[in-house]
Amino acid sequence: MKTPTLTGFALLAIVLGGCNTVEHRQTKMNTSVVAASMAMYTQGSCWAWETPEVSVATPPSHGRVTHALVKRQIHEPGSKCHGQPVEARVSTYTPNPGFRGQDKFSLNYQGIWNDAGARMSMGKDIVVDVQ
């Protein structure tokens, strides 16, 4: 299973709150792929905030999406948080048996983005090329 990097979303949540970003993934026929991963933490102390909730806003046409809460390492080279463990919401896409082609779906994240408890909402559009 391919794994995308996990990066700090504390500052990105401020900039991207309410916006949708597009991410592209590739996988082979009959093979699952990690489509998205999100965690919230402070970049100064690497302290994790409440893990964002994730839901499927628009389901894929040719597969399914599952979510799990897992420990991941922060991937932020040059940062003191690089390599530190944090809980993250991971969304995995599994194509239908025998499907080849492109599939799309949308995720919605909701959670806190600062110590005062301010809420954020962020969407991700995922495009998966199944070969």
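Ala36 has Ser91 in β5 as its bridge partner. The strands concerned, β2 and β5, run antiparallel to each other and are paired over 5 bridges. The model described here is a predicted one.

β5 also pairs with β4, again in the antiparallel sense, and here the count is 11 bridges. Within that pairing, Arg64 is matched with Thr94 of β5. Of the 11 residues of β5, 9 are buried, so the strand is largely enclosed by the rest of the structure.

**Overall composition**

The secondary structure of the chain consists of 1 helix and 7 strands. In sequence order the pattern is α-β-β-β-β-β-β-β. The chain has 131 residues, and 44% of them count as buried. Its accessible surface is about 6700 Å², with 52% of that area belonging to carbon and sulfur atoms. Among contacts in the chain with a separation of 6 or more, 72% are between residues 24 or more positions apart.

**The four-stranded sheet**

An open sheet is formed by 4 strands in the order β1-β7-β6-β3, with mixed pairing. Which strands stand at its edges? They are β1 (20-27) and β3 (53-58); each has a single partner strand, so one side of each has no neighbour in the sheet. On average, neighbouring strands of this sheet are turned by 30 degrees against each other, direction ignored.

β6 and β7 run antiparallel and are joined by 12 bridges. One of the bridge partners in β7 is Met120, which is matched with Gly111.

The antiparallel pairings described above are collected here.

| Strand pair | Bridges | A bridged residue pair |
|---|---|---|
| β2 and β5 | 5 bridges | Ala36 and Ser91 |
| β4 and β5 | 11 bridges | Arg64 and Thr94 |
| β6 and β7 | 12 bridges | Gly111 and Met120 |

**Nonpolar cores**

The largest nonpolar core contains 19 residues, and those with the most contacts inside it are Tyr93, Phe105, Leu107, Tyr109, Met120, Ile126 and Val128. At least two residues of this core come from each of β2 (33-38), β6 (101-112) and β7 (119-130). Which strand gives the most to the core? It is β7, with 5 residues.

Phe105 is one of the residues with the most contacts inside this core. Leaving aside residues up to four places away in sequence, Phe105 touches Ala35, Thr58, Pro59, Pro60, Val65, Tyr93, Lys124, Asp125, Ile126 and Val128. Another core, of 7 residues, lies apart from the largest one and includes Ala39, Ile74, Cys81 and Val86.

**The disulfide**

Cys81, a member of this other core, is also part of a disulfide. The count of disulfides comes to 1. The link joins Cys46 to Cys81, with an S to S distance of 2.1 Å. The angle about the S-S bond is -100 degrees, and the link is left-handed.

What does the pair tie together? Cys46 lies in the loop between β2 and β3, and Cys81 in the loop between β4 (63-73) and β5 (85-95), so the disulfide connects parts that are 35 residues apart in sequence.

Are the two cysteines buried or exposed? Cys46 has a relative accessible area of 15% and is buried. Cys81 is buried as well, with a relative accessible area of 0%. Both values count as buried because the cut-off is under 20% relative accessible area.

Notes: Residues numbered from 1 in each chain as written. Predicted model: local features only at pLDDT ≥ 70, side-chain atom pairs only at ≥ 80, totals over all residues. Heavy atoms only, no water. Core = buried A, V, L, I, M, F, W, Y, C linked by side-chain atoms within 4.5 Å. Buried < 20%, exposed > 50% of the residue type's maximum accessible area, 1.4 Å probe, protein only. Contact = heavy atoms within 4.5 Å. Areas by Shrake-Rupley, 256 points an atom, 1.4 Å probe, with all protein chains shown as cover. Pairing = 2+ DSSP bridges. Axes fitted to C-alpha atoms, helices over the stretch in contact; angles between N-to-C directions. Disulfide = S-S within 2.5 Å.
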